[in-house]
Amino acid sequence: MALAIRFHDQLSQTSTTSFRDETLRGLAATPKWASPKFFYDRRGSELFEQITEQPEYYPTRTEVAILTQAASEIAEIAGPDADLIEFGSGASRKVRLLLEAMRPTSYLGIDISDDFLRSSTQRLAADYPWLDVHALSADFCDELHLPKGFDSRCPLAFFPGSSIGNFTPAQAQQFLRRLHSLLPVGGGLLVGVDLVKDRAVLEAAYNDAAGVTAAFNLNLLERIRNELASDIDPARFTHKAIFNAVQSRIEMHLASVEEQTVIIEGRRFHFEAGETLHTENSYKYSLESFAALARLARFDSIQQWTDPQQLFSVHYLKR
Ligand code: AVJ
C-alpha cells in the first residue's frame, strides 16, 4: 500500500539512558556543557520549526531559495537511479523540492525525534504515493547502519540546514568519513553549510526578537525537569547567544541568573551567578574551508551553490 511507511527504530530503550548519562556528564564538567541533539523532543522540534520562520533566522529561507534554483541541476548530477537519504529530516520540507525534481524510487528519513519523524514521513507518503518511504529513528552521532529493506544502488545523502555546524570541524570530518564509507562509489552527499558573515547578522539570527530561540534553548531545562528526577527551574536561567570569531562559531549558553545548586538524579550541581551551561555550537564556514574539510574526508567537490548575499551554501560532494 502506497501510504504505508516502513519505520525502523534504532533508538528505543537506549535514548532515555543516553539523555540521562550525557546530561550528568556535561553538568559535572568545567565548563558545563549539554549536547544540542537533546533539544529535539517534540516541543523542541516544534520550536525549531518556529525558529525557521523568524525574520532574523536567514538560514532556512536562504537554503530553500538555493535548493529551489538548483533542484533540476541537482537531479541531473544525481542521475535517474538515485534514491534519497535525509539526515535530520525534521519536518521534511526542504526534501520535497528534491523529491519533486528527482522523482526517486525510495526515500529514507533519519531523525532523533521519533514521533516527529513518524508524522512528517507519513505526510510525505500521503503526498507522494509513488514514493517508497522509510523512516529511521536514530542518533546519527552513533554508528550508522542503513535499515534492512532499504537498499539503494545509488543513494544521495542529504544533510540540510547546516546541522553539520553542530559538530566541531574535527567531528564533522569524522562524520563525513563515516558517510563516505557508508556510500557506494558514485554515491553523493548534498550538504547545507552556513557561511561566516557579519557578527550582527549572525547574533540576530540566534537572538530573535520574538524570543523563540530563547524558548528553544530553555526547553532543554524543561526536558531535564520532566524526564529526569530534577528540581531545575528554567526561570532561573537566561538564554545567551554570541559569535566566537576565533572559533568561527555561534555559541548558545544558558546563564544562571543567581548563585544556585540544582539537583539532577540525586546529584548536586553548583552554579555561580552568571555561570553558563554551554548548550550548542553552530560553526560557520567559508566555501573554501568547507570544501577543504570535505576533501580531508576523501569526498570530491562537484558543485557549490550560494545565494546572491553569500549567506548560505549547498555543496554537492561525491564519493
Ligand atoms: C539545526 C543546528 C542548524 O545551528 O542554526 C537554530 C539550530 N539553534 N537556532 C543552527 C539552531 C538555534 C540550527 N541547526
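**View 1. The shell around the ligand in this predicted model.** The shell holds three nonpolar, seven polar and one charged residue. Ile51 and Pro59 belong to the residues around the ligand. So do Gly161, Ser162, Ser163, Gly165 and Asn166. Tyr206, Thr213, Glu280 and Ser282 complete the list.

**View 2. An open sheet of four strands.** The strand order is 2-12-9-8. Pairing within the sheet is mixed. Strand 2 (32-33) and strand 8 (237-244) are the edge strands, and each pairs on one side only. In general, strands of a sheet pair through backbone hydrogen bonds, either parallel or antiparallel.

**View 3. The pairing of strand 9 with strand 12.** Strand 9 covers residues 249-256, and strand 12 covers residues 276-283. The two pair in the antiparallel sense. Seven bridges join them. Ala255 stands opposite Thr276 of strand 12.

**View 4. Helix 8 across the sheet strands.** Helix 8 spans residues 212-227. It lies across strand 8, strand 9 and strand 12. Relative to strand 8, helix 8 runs at about 120°.

**View 5. The crossing of helix 6 and helix 9.** Helix 6 is formed by residues 169-182, helix 9 by residues 287-296. Their axes come within 8 Å and cross at roughly 50°. That angle makes helix 6 oblique to helix 9. The crossing is right-handed.

**View 6. Contact residues of helix 6 and helix 9.** From helix 6 come Pro169, Ala172, Gln173 and Leu176. They meet Leu293, Ala294 and Leu296 in helix 9. The contact of helix 6 with helix 9 has six nonpolar residues, one polar and no charged.

Notes:
Residues are numbered from 1 along each chain as its sequence is written. This is a predicted model: local features need pLDDT of at least 70, side-chain atom pairs count only at pLDDT 80 or more; totals for chains, interfaces and linings use all residues. Two strands pair if DSSP finds at least two bridges between them. Two residues are in contact if their C-beta atoms, placed from the backbone, lie within 7 Å. Axes are lines fitted to C-alpha atoms, for helices over the stretch in contact, and angles run from 0 to 180 degrees between N-to-C directions. A residue is near a molecule or strand if its C-beta atom, placed from the backbone, lies within 6 Å of it. Ala, Val, Leu, Ile, Met, Phe, Trp, Tyr, Cys and Pro count as nonpolar, Asp, Glu, Lys and Arg as charged, and the others, Gly among them, as polar. Angles under 35 degrees count as roughly parallel, over 145 as roughly antiparallel, 65 to 115 as roughly perpendicular and the rest as oblique. A crossing is left-handed if the near helix is turned anticlockwise from the far one by less than a right angle, and right-handed if clockwise.
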